[in-house]
Amino acid sequence: MSLRVFGLNLLKNNRSLLQNALRNNGAPGAQVLAVAPYTTQVTVQATPAAVQKQKVSKAMKAYLERANEHDEFMKTQDLEFQIGKRHLANMMGADAETFTQEDINEAIAYLFPSGLFDKRARPAMRTPEEVFPARKAAEFDETGRPFHSMFYTGKPNFFQLLHDIVKETNYLYDLEERMLRRGNKPDENQKLETAGFQLLSKDQLERVLVEHIVDIEYQSFTNAMERLMSSPYSYKSKAFIERFLKPLIDQSKQLEVPKPKIDEQGRQYITTYECLRKTARADVTVRLPGTGKITINGQDITYFSMDECREQLLFPLSYSEMLGKVDVEANVEGGGPSGQAGAIRWGIAMSLRSFVDQEMIESMRLAGLLTRDYRRRERKKFGQEGARRKYTWKKR
Amino acid sequence: MAYVPATTLNILRFSKLSRLMSMYPSHFAEPNLNKITDRKSASHIPVKAATNDLSDSIFYGELKNKLIKYITKKGNRNLAKELLNETFETIKRTQIERLNLNKGDKTSVIINSEQLLINAIENSRPLLQLSAIKRGGVKYQVPVPVTEKKSYFLAMKWLLDAAREKDRKVHLPEKLAWEILDAACGQGRVVKKKDDLHRQCESNRAYAHYRWS
Amino acid sequence: MRIPGALYAARGRAPQNEKEVPFQEVLPLRLKNTVSGKADSGSDVACLQEMGVLFACLKDNEFVEKYCHKEISQFQNCYKFYMDRKFEAKKTVNQGIVQPGSNLNYRQLNKYMRRFPNPQ
């Protein structure tokens, strides 16, 4: 009896060894394979009787085969990559040993120039680890028994995550109740700031979990996380929450504000090139100490005959309270009056950023003045009268 | 319910339904001319570009813009704008004339033509609408509540329809000015049309539970 | 002599002899685990009472709206509330997110029944 227990214990230990080894390696690599036969050997020595009964399960066998195959494949891919890298280095006349990924990218862009619009569609050479996505390691031991209690849900990592979130939430609820009983209040200073953050998107979460999840499952993840974050003591589990938050880009700081230059008369000026709207294109110069003079292609604001276009020109100036304080010069070509006015408006707004404070820049952004208007005329479709309108339907 | 222009709200608005053909993704907010107080949460939200009918001048009015869009025919917005300006001029002229004729109470006459337009539209907004619903082979006229947006649309459409239904010799701005002035004091054809609609709805109230809309 | 058929009719139609016409289980004798969404248009009649009150007020005041401010605002608020709730419900219900309550959409029902199916 004692011997049996001893043997089982040994088995258990070995199993946990295997488990650890598998978990430490994200992808099934050479190490996993090295460990797996080793552990079986140990068990054979320790408990011969137990192992005679124990068979390596079919699933494990198939998995090992697959892992082997994958490993071989990755090896050959890696070899090919190294050879390719050497060839490239030779072609470019560089040292193959110090040839980095950046050099490779440059060489590829030089040797295979591509006019394809999407950058992902252009030719590239990357390490096989990058090209072939990571695969899950074995989720069961050699007898075919899964490590994870939720293995048979098919998505153990995802459901484990949900469990963890609920555990955290329950802990926070308990804490809140205990604190209430003691009459303590949550610390306002430590409050979790989530304004500039966003939960991981579905595909990002999928990448983290190495599991495919459906929309409704993602929904339950977001619901659970929101419940956790809405707790007044959410700062207690900050580390956990922050694993699933990603910072949002601050929109107004995204574009760098250029420093104004000085012209011959000692005035500050900023020129914005390539102001585009519809098919119009403009270059706009704004000079700071000015009298509100507006010059468009050598004419004044009467270059535009329509009120609306003139109003558009004055919109950013009056909105940022710089009307009458700056001079505007613009060269514009292409397009019609409203497109030209829109192009100049954008140019003025972009140039004015150098002369106003951060607060005003943010206001201008929220007013939609700093967004480039990408809308274009929609094409006419065949079988239709225009872009959207259909021909009048007549039965016969 | 008083008229509240959406741009005066102190929040970032999003279009309720993401339009499939829109150039902007659905997380883009509508431009807002107000100085928004809640800057921190707004700083991460991208904003759509201001359209070329938006402006912060004192002549800008949201309802006015909408009406211009309804007046426009064949994309000639410039003409529509001119017509509306002319309408406002006519309204102002008549109101000033009235003000000068009216010896006693000078405060009762509104001269602000934009305010008059808003009043007129508010007065001619319907509450209910009749929609034909087929039940057992018989078409019933069923009273259905209208949404706020639709009620504004109907009011403006009726005003315009009334203005367009005129002699060939009368100019549209003139007729529109009269209709607006009439509707602003709760008289005229448009308000009558609205009342008629309400009366019809009332007489068909027995069918109200047939609604499926 | 012809016997009128009505005399036999009193006894009724004899039941089928099971030996002659054996019972066949064409479809399994249990309910399906799904419901169809055909009849789920739902009743969309909202704010009927408010509408009635409004009509009464309008009729009393000869359709002059300024005497019925309270009724009008009540009616409009009711409709607005209804539309907002409908919009929200459309977002949640159509995705099949199950909420507690008795008024379930067919998608929600299907989801429930998939969770607790009929015994095989």
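Student: How would you label the crossing of H5(B) and H7(B), left-handed or right-handed?

Tutor: This is a predicted model, and in it the crossing of H5(B) and H7(B) is right-handed. The label applies when the near helix is turned clockwise from the far one by less than a right angle.

Student: What numbers describe how the axes of H5(B) and H7(B) cross?

Tutor: H5(B) covers residues 148-164 and H7(B) covers residues 188-203; their axes cross at roughly 130 degrees and come within 9 Å. Oblique is what remains once angles under 35, over 145 and from 65 to 115 degrees are taken out, so H5(B) is oblique to H7(B).

Student: Which residues make that contact between H5(B) and H7(B)?

Tutor: H5(B) brings Trp158(B), Leu159(B) and Ala162(B), while H7(B) brings Arg189(B), Val190(B) and Lys193(B). Sorted by class, that's 4 nonpolar and 2 charged residues, with no polar ones.

Student: Zooming out, which helices and strands does chain B have, and in what order do its elements run?

Tutor: There are 7 helices and 2 strands, and from the N terminus on they go α-α-α-α-β-β-α-α-α. Of the 213 residues in chain B, 27% count as buried, the bar being 20 or more other C-beta atoms within 10 Å. Taking the contacts in chain B with a separation of 6 or more, 57% are between residues 24 or more positions apart.

Student: Over to chain C. What makes H2(C) and H3(C) parallel or antiparallel to each other?

Tutor: Helix H2(C), residues 48-60, packs on helix H3(C), residues 69-93, at about 155 degrees, with 9 Å between the axes. Anything over 145 degrees counts as roughly antiparallel, so that's what these two helices are. Their crossing is left-handed.

Student: Where do H2(C) and H3(C) meet?

Tutor: On the H2(C) side you've got Glu50(C), Met51(C), Val53(C), Leu54(C) and Cys57(C); they meet Glu71(C), Ile72(C), Gln74(C), Phe75(C) and Cys78(C) of H3(C). Of the residues in that contact, 7 are nonpolar, 1 is polar and 2 are charged. In case the cysteines puzzle you, Cys is put in the nonpolar class.

Student: What pattern does chain C follow?

Tutor: Plain α-α-α-α along the sequence, which fits its tally of 4 helices and 0 strands. Chain C has 120 residues, and buried ones make up 11% of them. For contacts between residues at least 6 apart in sequence, 52% join residues at least 24 apart.

Student: Now chain A. How does the reach of H4(A) compare with what's expected?

Tutor: H4(A), residues 58-92, has 35 residues and goes 50 Å from its first C-alpha to its last, which is close to the expected 51 Å at 1.5 Å a residue. Right after H4(A) comes Gly93(A), with a positive phi near 70 degrees.

Student: Which residues in H4(A) are buried?

Tutor: Tyr63(A), Ala67(A) and Lys85(A) are. To earn that word a residue needs 20 or more other C-beta atoms within 10 Å of its own.

Student: And what does Pro232(A) count as?

Tutor: Pro232(A) has 16 C-beta neighbours inside 10 Å. Buried starts at 20 and exposed stops at 12, so Pro232(A) is partly exposed. Pro232(A) sits in the loop between H9(A) and H10(A), and touches Glu176(A) and Pro186(A), leaving aside residues up to four places away in sequence. Tyr173(A) is 59 residues from Pro232(A) in sequence, yet their C-alpha atoms are 9.2 Å apart.

Student: How do you know whether H11(A) is parallel or antiparallel to H12(A)?

Tutor: H11(A) and H12(A) pack at about 10 degrees, their axes 8 Å apart. Under 35 degrees is roughly parallel, so H11(A) is roughly parallel to H12(A). That contact holds 11 nonpolar, 3 polar and 1 charged residues.

Student: How many residues of chain A are in contact with chain B?

Tutor: 29 residues of chain A, against 24 of chain B. H11(A), H12(A) and H13(A) each give two or more residues to the chain A side, and H11(A) gives the most, with 6. By class, the chain A side splits into 11 nonpolar, 10 polar and 8 charged residues.

Definitions and conventions
Residues numbered from 1 in each chain as written. Chains lettered and ligands numbered in written order. Predicted model: local features only at pLDDT ≥ 70, side-chain atom pairs only at ≥ 80, totals over all residues. Axes fitted to C-alpha atoms, helices over the stretch in contact; angles between N-to-C directions. Contact = placed C-beta atoms within 7 Å. Expected span 1.5 Å × (residues − 1).
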